[in-house]
Structure formats: C-alpha cells, structure tokens
Amino acid sequence: MNFDYKPLANYSLEDRNTLGFEVVAEWVLPITQAEQIPAAIRWAKNAGLSHRVLGGGSNVVLPDQLQGVTLLMDIDFIEILENRDSNTRLRVGAGVNWHDFVGWTLDQNYRGLENLALIPGTVGAAPIQNIGAYGVEVKEYIDAVEAYDCQTNQWVSLSKADCQFSYRHSVFKDERNRFVITAVIFNLPKVWQPRLSYADLTNHFANRSVDAITAPEIFEAVCAIRTQKLPDPKVIGNVGSFFQNPVISNQQLQILKEHFPQMVSYPESATHSKLAAGWLIDQCGFKGMQLGNVGVHDKQALVLTHRGGGNAGELLGLAEQIQKRVKETFGVELVVEPILFT
Ligand SMILES: Cc1cc2nc3c(=O)[nH]c(=O)nc-3n(C[C@H](O)[C@H](O)[C@H](O)COP(=O)(O)OP(=O)(O)OC[C@H]3O[C@@H](n4cnc5c(N)ncnc54)[C@H](O)[C@@H]3O)c2cc1C
C-alpha cells in the first residue's frame, strides 16, 4: 500500500451526513490531494472492497453500517485560470464548500452563481445532480470536470457535453462510483443579468429597477428566502428536497388540471411541464406529519426530516408511503432525489 497514512476503521459519519443518522463506515480515507486517489482505489480493489465517495453528505441517505471504503473528499483549493474582459475561468478543488465558493466569487466580483447560494455540500458534488435553485442550474457555468476514472484507472477531463447534464442528472448518476471528481472548471462570463424569474425573487425585488439590482443583493436575498423556508440541517436533519419535481407531458398536465385546477406547474419545454412535488405531497395531507423519528417538514412538504434516533429504513418507509399516495391520487411517480448508499 502506497499511503503515508492508514485508512481509518469503524469511522462515525454522524457529522458527515446532514440527516444526522448514526452511521459507521467500515473504512474511510480522507482525500486531501488528487494524487492519493489511485492508491486508495487500488487498496480497496486489492482488499476486495467496494468504494464510494462522500462530499458533505447533504444529498445521501446512509445505512447504519456502510461497508467497504468511503473516500472523504477534502481537496481544497481555488485557482484562477484566466481572467479576461469577456470571462473568468476558475479551477476549484472538489472538497471546497459550495456556499463559501459562491461567496468568494462575489467577493472577487465574478457574477453568475449567486442564485445557487446556501446550497449545502461541496464543489465536487455540484455536477453530480447538476445542482439548481431559483431558475439557475450549475451546468450553465461548468466548462469541464476533472476526475479519476476508476474503470480505466486514468485521469480524465470531461467536457460539459461529456457530463450529459439535465434536470438533477448527469453521467455521474448513471455511472455511479466510476468517477472520483477532483476539481471543477467554471466559466463565468462578464456579461451578466439578474435572474429573477422565480416568484420568491420576483416578489423580493418587486419595487426595484432591474438595472440597479446587484449580484451580492441577489445572494443575500436567496440566503434570506432559503433560511426562512428550509430547515437548517444543523438543527433538523434533512437532505433538502427528497423528491424531484416530476416532468410530465403538457397533454397529461391538461387532463390533471381539469381535475385539480390549483395544481402548481412550470413550463419545462415546448412539450413538457414540471409539477411542484411539494404541492402534490401537501395535497395528500403529509405536510407537518411525524412518523416515529422522521417526518415531513411543516413549511415545505418536499423536505423529509429526522429529529434524532431514526435511520434510513424509517425514512425510506415514509418516502414509500408518500410515493404510493401521490401515485394513487395524481397518477404521477415521485422520483427520490438523494443517492441511497447501500
Ligand atoms: C437544506 C438543504 C438544501 C438543499 N438545497 C438544494 C438545492 O436548492 N438544489 C440542489 O440541487 N440541491 C440541494 N440540496 C442537495 C445537496 O446540497 C446537493 O446535492 C449537493 O451538491 C450535495 O453535495 P455534497 O458534497 O453534500 O454531496 P454528498 O451528499 O456527499 O454526495 C452526493 C452524491 O455525490 C457523490 N459525490 C460527492 N462528491 C463527489 C466527488 N468528488 N466525486 C464523485 N462523486 C461525488 C456521492 O458519491 C453521492 O452519490 C440541498 C440539501 C440540503 C440539506
């Protein structure tokens, strides 16, 4: 084994999953430099163990016992590759805290990421589900993703097209555990316009001239709105939205709206619309419901919560009940958003 440190056995991940489940990992390897990864993967393979990658643990549901080797991504750097009149290109380590990075870009007067403020987790995880909020998706600002390919044992640089980004999806979700992302290359154009199409932001800036609104003001507004609506994982365990907003054909939407005229929807493309999963769950009576140690948040039905003493089995049991009732009521499938580790 080529490490100058040893894998850590029976390691508690209670502080590294925002649901706050008591989880013990069989082995963990903190990764602070990309160069450690090939030896880490070799070690796992030679020991006949599976491997997985953990960032901040804000989009995973972990079992009580996590078998195999868990790589803890702590690679921490920000590098300015280019700063031109037209755009800025940045190379950012996978372990950098996402929200701190967004704040840093604004301190440098690089604009574009402000709508994605206060999303928990790491920069390396941002491409996995193409994080998005308030009308912006991170794919718009990603140029490339640097990773170690555990299948071919090679370093790769994946272009935006290679990443196959779509709504809360990318190639990294299809090819689970194949790529260990070490850095993300961002391209932030200097030409900038406020993105205020989401109702909360439109309302927040209702009395302002659009030309006078700055990116730091949007950052502050997003932080304020999110703090009001979403539970702080340090206080109440959660992974943000537990289900994706279902995308359905406009034809199906029309039929549903005949039965449920109040149904909340947003145009997704010329042919499809996105439904508000939170609204569907709320209509089925789950909002604020508590089931043992887990529950549905009382301000946002899309967020499932854990207040201590619970585990993945309990939470997934509640999620199944919700999926079943929504399917029975609306004929719509709810897809779980976080990654379920086994
Ligand atoms: C309160 C709250 C609000 C949230 N709001 C939003 C939101 O508005 N929009 C949104 O999109 N998401 C949101 N999320 C979900 C979550 O914050 C994001 O998905 C985030 O990107 C996860 O980052 P993480 O580092 O915690 O990833 P983890 O939870 O650690 O991992 C998630 C997945 O990514 C993989 N992964 C992580 N790092 C790497 C890496 N370096 N290389 C390869 N694979 C990796 C893991 O294996 C796992 O499959 C929210 C979560 C919470 C708790």
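Colleague: Which elements do the buried residues of α1 pack against?
Modeller: This is a predicted model. In α1, the buried residues include Ile37, Ile41 and Trp43. The elements packed against these buried residues of α1 are β2 (24-31), β3, β5 (65-73), β10 (142-149), β11 (154-159) and β12.

Colleague: How many residues of helix α1 are buried?
Modeller: Helix α1 spans residues 37-46. Its buried set has Ile37, Pro38, Ala39, Ala40, Ile41, Trp43 and Ala44. The helix is largely enclosed by the rest of the structure, because the buried count is 7 of the 10 residues.

Colleague: Which residue follows α1 with a positive phi?
Modeller: Go past the end of α1. There, a phi near 70° is found, a positive value, and the residue is Gly48.

Colleague: Is Ser50 buried, partly exposed or exposed?
Modeller: Ser50 lies in the loop between α1 and β3. Away from its neighbours within four places in sequence, Ser50 is in contact with Gln67, Gly68 and Val69. Buried means under 20% and exposed means over 50%. Ser50 has 41% relative accessibility, so its class is partly exposed.

Colleague: Which side chain does Ser50 join in a polar contact of 3.2 Å?
Modeller: Val61 is 17 Å from Ser50, C-alpha to C-alpha, and 11 residues away in sequence. The polar contact of 3.2 Å joins the side chain of Ser50 to that of Arg52.

Colleague: Now the ligand. How many residues surround the ligand?
Modeller: The closest are Val53, Ser58, Asn59, Thr122 and Arg226. By class, the shell has 19 nonpolar, 13 polar and 2 charged residues. The number of residues that surround the ligand is 34.

Colleague: How much of the accessible area of the ligand does the protein cover?
Modeller: Take the backbone contacts to begin with. A polar backbone atom of Val53 is 2.6 Å from an oxygen atom of the ligand. A backbone N or O atom of Gly56 lies 2.8 Å from a ligand oxygen, and one of Gly57 also lies 2.8 Å from a ligand oxygen. On its own the ligand has 970 Å² of accessible area, and the part covered by the protein is 95%.

Colleague: Which element gives the most residues to the shell around the ligand?
Modeller: Three elements give two or more residues: β3 (51-54), β8 (132-133) and β12 (179-189). With 3 residues, the element that gives the most is β12.

Colleague: From which domains does the shell around the ligand draw at least three residues each?
Modeller: The domain assignment gives domain 1 (8-73), domain 2 (78-229) and domain 3 (247-327). The shell draws at least three residues from each of domain 1 and domain 2.

Colleague: How far apart are the C-alpha centres of domain 2 and domain 3?
Modeller: Domain 2 covers 78-229 and domain 3 covers 247-327. Between their C-alpha centres, the distance is 26 Å.

Colleague: Which elements do the buried residues of α2 pack against?
Modeller: Helix α2 runs over residues 98-107, and its buried residues are Trp98, Phe101, Val102, Gly103, Thr105 and Leu106. At the start of α2, a side-chain oxygen of Asn97 reaches to within 3.1 Å of the backbone nitrogen of His99. The buried residues of α2 pack against β6 (78-83), β7 (87-93), β12 and α6 (215-229).

Colleague: Which residue just after α2 takes a positive phi?
Modeller: Most residues other than glycine have a negative phi. Just after α2, a positive phi of about 70° is taken by Asn109.

Colleague: Is Arg168 buried or exposed?
Modeller: Arg168 sits in the loop between α3 (160-163) and α4 (171-174). Its phi is near 50°, a positive value in a residue other than glycine. Buried means under 20%. Arg168 has a relative accessible area of 14%, so Arg168 is buried.

Colleague: What is the relative accessible area of Asn153?
Modeller: Asn153 lies in the loop between β10 and β11. Its phi is also positive, near 55°. Asn153 is partly exposed, with a relative accessible area of 44%.

Colleague: Which residue joins its side chain to that of Asp200 in a polar contact?
Modeller: Asp200 is in helix α5 (residues 199-204) and counts as partly exposed at 26% relative accessibility. Not counting residues up to four places away in sequence, Asp200 touches Tyr134, Ile225 and Lys229. The polar contact is 2.9 Å, and the partner of Asp200 is Lys229.

Key:
Residues numbered from 1 in each chain as written. Predicted model: local features only at pLDDT ≥ 70, side-chain atom pairs only at ≥ 80, totals over all residues. Heavy atoms only, no water. Near = heavy atom within 4 Å. Polar contact = N/O pair within 3.5 Å; in protein donor to acceptor, adjacent residues only side chain to side chain. Areas by Shrake-Rupley, 256 points an atom, 1.4 Å probe, with all protein chains shown as cover. Helix = DSSP H or I, 4+ residues; strand = E, 2+ residues; numbered from the N terminus. Nonpolar A, V, L, I, M, F, W, Y, C, P; charged D, E, K, R; others polar. Domains from an automatic or database assignment. Buried < 20%, exposed > 50% of the residue type's maximum accessible area, 1.4 Å probe, protein only. Contact = heavy atoms within 4.5 Å.
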